[in-house]
Amino acid sequence: MKTLIIVAHPKLVESGTQQFLKTSLANMSEVTWHVLAPKKTHFDVSNEQALLKAHDRIVFQFPLYWYSAPAILKQWEDEVLTRNFVYGTQQALAKKELGVVVSTGDPQRDFKAGSSEQFTLSELLRPYQALANKAQMTYLPPFTIFQFAYLSETEKQQLVVNYQQYITNTDFESFHGRELWFEQQLKQKIKVNPDLQKLPQILTAIQDNRENLEELGWTLSMIKDDEDE
Amino acid sequence: MDTNDWVKTQLEELSQSSKQYEDRAFYLALLALVKEQQQRLIQSQGEVDGRTWNPSKW
């Protein structure tokens, strides 16, 4: 799976969050980090459309500006997402996935009915869900980062791996999908560090656990089917 | 020592001794995964036992 990350941030160089996210992907393959440069007057539409076509998961990544993305992303959408390309004759984005990585300086607890922001981020990001729907894409649950500057060291480390999975794991939503992703990553590490002899043993143990869980799952579903009769 | 306990000890060590930040983060997350696998194994095994012990089917 190839992932295209479209980064829309007017002050990218100053953003610790964006730098952190970029570094998190240093060892990930099949990922394209595509920055929307603020100085451009117009986007090269055919170039941008070719990029979109060449990837399977498209991710809009931006800081929340007035409950939306910075203007550059809207400009990119208006210029690049032409009618024919999206839902006319071409439907070039159909069957691809659309994800959103959004960061905000406000705490998570504020984004709910009755709290100071009143709305959840899922509600505020509806236009992207509508776009995905129109383009016949699968809309992924938004990946949210609240108050990056206040995260503890452990929370930042968790953010690295959760973000890596949002970008590269085909099935990051299920526990089984996460197990398979970790196994895949561990296999990569074994290739790079053949001297670390404990890594293959760790991999075997994790695979055994997964297989045992799968077997228990099948047994349970058989028992449940039997109970239904 | 149980295999999973050995794995957890190794992952704790790797999450502290690895040179790269992303590697330390990876092993820490993998440790959390192994703990959840263990938890799920216990729960699933318990559910199988509980559902098998069904006097109404005797």
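# Two chains in contact

Q: How many residues does each chain bring to the contact between chain A and chain B?
A: Residues are numbered from 1 along each chain as its sequence is written, with chains lettered from A and ligands numbered from 1 in the order written. This is a predicted model, in which local features need pLDDT of at least 70 and side-chain atom pairs need pLDDT 80 or more, while totals for chains, interfaces and linings use all residues. Contact here means that C-beta atoms, placed from the backbone, lie within 7 Å. On that basis, chain A supplies 23 residues and chain B supplies 23 residues.

Q: Which helix gives the most residues to the side of chain A that touches chain B?
A: Elements are DSSP runs numbered from the N terminus (helices H or I, at least four residues; strands E, at least two). H7, H8 (175-192) and H9 (198-228) of chain A each give two or more residues to the side that touches chain B. With 12 residues, the top contributor to that side is H9(A).

Q: What angle do H7(A) and H2(B) make where they cross?
A: The contact pairs A:Gln157, A:Gln158, A:Val160 and A:Val161 of H7(A) with residues of H2(B) that include B:Phe26, B:Leu28 and B:Ala29. Axes are lines fitted to C-alpha atoms, for helices over the stretch in contact, with angles from 0 to 180 degrees between N-to-C directions. The two helices count as roughly perpendicular, a label for 65 to 115 degrees (under 35 is roughly parallel, over 145 roughly antiparallel, the rest oblique). Their axes come within 9 Å, and the crossing angle is roughly 85°.

Q: How are H1(B) and H2(B) oriented to each other?
A: H1 (residues 3-17) and H2 (residues 21-52) of chain B have axes 8 Å apart and pack at about 160°. Where they meet, B:Val7, B:Leu11 and B:Leu14 are among the residues from H1(B), and B:Leu28, B:Leu31 and B:Val34 are among those from H2(B). The packing angle therefore makes the pair roughly antiparallel.

Q: How many residues does the largest nonpolar core have?
A: A core is a set of buried Ala, Val, Leu, Ile, Met, Phe, Trp, Tyr and Cys residues joined through C-beta atoms within 7 Å. Those with the most contacts inside the largest one are A:Ile6, A:Ala8, A:Leu36, A:Val59, A:Phe60, A:Leu73 and A:Val100. Among the elements of chain A that give two or more residues to this core are strands S1 (3-7), S3 (57-63) and S4 (97-104), along with helix H3 (71-80). The size of this core is 31 residues.

Q: How many residues make up another core, apart from the largest?
A: The members of this other core include B:Leu28, B:Leu30, B:Leu33 and B:Val34. Two of those, B:Leu28 and B:Val34, also appear where H2(B) meets H1(B). The count for this core is 17 residues.

Q: Is A:Trp76 buried or exposed?
A: A:Trp76 sits in helix H3 of chain A and, leaving aside neighbours within four places in sequence, touches A:Leu36 and A:Phe43. The cut-offs count other C-beta atoms within 10 Å, placed from the backbone: 20 or more is buried, 12 or fewer exposed, and in between partly exposed. With 20 such atoms, A:Trp76 is buried.

Q: Which residue of chain B is in contact with A:Ile206?
A: A:Ile206 lies in helix H9 of chain A, and 21 other C-beta atoms within 10 Å make it buried. A:Glu183 is 23 residues away in sequence, yet the two C-alpha atoms are 7.5 Å apart. Outside the neighbours within four places in sequence, A:Ile206 touches A:Phe182, A:Glu183 and, from chain B, B:Val34.

Q: What is the phi of A:Glu30?
A: Most residues other than glycine have a negative phi. A:Glu30 is in the loop between helix H1 (16-24) and strand S2 (31-35) of chain A, and counts as exposed with 12 C-beta neighbours inside 10 Å. Although not a glycine, A:Glu30 has a positive phi of about 60°.

Q: Where is A:Lys95 found?
A: A:Lys95 also has a positive phi, of about 75°, without being a glycine. It has 10 C-beta neighbours inside 10 Å, so it counts as exposed. Its place is the loop between H4 and S4 of chain A.

Key. Two residues are in contact if their C-beta atoms, placed from the backbone, lie within 7 Å.
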